[in-house]
Amino acid sequence: MPYYKILFVLLYMCINNFQSAAQCNKIYTKADKAAEFIGGKHAWKLFLERSILLPDSMSIDELPGCLLLRFEFVVDKAGKITEVKFLESNFKNDVLIATIKEKLLKTKWTPALLNKRKVCFKHTQFINMRLAV
């Protein structure tokens, strides 16, 4: 086989893999192995507990005694967080939500696997946290 044909095949494979890694044409909610925060469930719990800190401009009196928050996001094939959406909350504070979203976007995850292939995965998180005064 001539070298230019081999080069063409390799170039096609590289472009195809790059496009599939960069795009989430289909987002799964179930997979053989769900996407996981690097460090596991315990590390994810610690991250959430440490991430939900009050901004300097907000006092504890502005929040109810218990914080309820539900949000979802997509873990792409590279393990990056995209499409963070806050679905419900028992408080309204854009600064706190923006702070949580900013921290989420910086996290790294192990991508979900379906049939031994990395896929985009939607993760929904519910937080019910009692706030100490």
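Are Trp44 and Phe47 buried or exposed? In this predicted model, both Trp44 and Phe47 are buried, and the two residues belong to helix 2, which spans residues 40–51, where they sit three residues apart, about one turn of the helix.

**Aromatic pairs around Trp44**

A search of the whole structure finds nine aromatic pairs. One of them joins Trp44 and Phe47, whose ring centres are 5.7 Å apart and whose planes meet at 15 degrees, so this pair is stacked. Trp44 also forms an aromatic pair with Phe73, and here the arrangement is edge-to-face, with 6.1 Å from centre to centre and 65 degrees between the planes. This second pair links distant parts of the chain, since Trp44 lies in helix 2 while Phe73 lies in strand 3, 29 residues apart. The table sets out the two pairs.

| Pair | Centre to centre | Angle between planes | Arrangement |
|---|---|---|---|
| Trp44 and Phe47 | 5.7 Å | 15 degrees | stacked |
| Trp44 and Phe73 | 6.1 Å | 65 degrees | edge-to-face |

Trp44 counts as buried because its relative accessibility is 8%, which falls under the limit of 20%. Phe73 counts as buried as well, because its relative accessibility is 0%. Trp44, Phe47 and Phe73 are among the members of one aromatic cluster, which also takes in Phe37, Phe71, Phe86 and Trp109.

**The second largest pocket**

Trp44 has a further role in the description, as one of the residues that line the second largest pocket. About 170 Å³ of space lies in this pocket, and its lining is made up of Lys33, Ala34, Ala35, Glu36, Phe37, Lys41, Trp44, Trp109, Phe121, His123 and Gln125. By character, the lining residues divide into six nonpolar, two polar and three charged. Strand 2 (36–37), helix 2 and strand 7 (117–130) each supply at least two residues of the lining, and strand 7 gives the most, with three residues.

**Glu72 in strand 3**

Strand 3, which covers residues 66–75, holds Glu72. Although Glu72 is a charged residue, its relative accessibility is 14%, and therefore Glu72 counts as buried. Leaving aside residues up to four places away in sequence, Glu72 touches Glu83, Val84, Lys85 and Leu87, and in addition Lys122, His123 and Thr124. Among these contacts, His123 is also one of the residues lining the second largest pocket.

How values were computed
Residues numbered from 1 in each chain as written. Predicted model: local features only at pLDDT ≥ 70, side-chain atom pairs only at ≥ 80, totals over all residues. Heavy atoms only, no water. Helix = DSSP H or I, 4+ residues; strand = E, 2+ residues; numbered from the N terminus. Buried < 20%, exposed > 50% of the residue type's maximum accessible area, 1.4 Å probe, protein only. Contact = heavy atoms within 4.5 Å. Phe/Tyr/Trp six-rings, centres within 6.5 Å; stacked < 30°, edge-to-face > 60°. 1 Å grid on protein atoms, 1.4 Å probe; cavity = no way out; pocket = protein on both sides within 12 Å on 5 of 7 lines; lining within 4 Å. Points joined across faces, edges and corners; volume = space filled by probe spheres on them.
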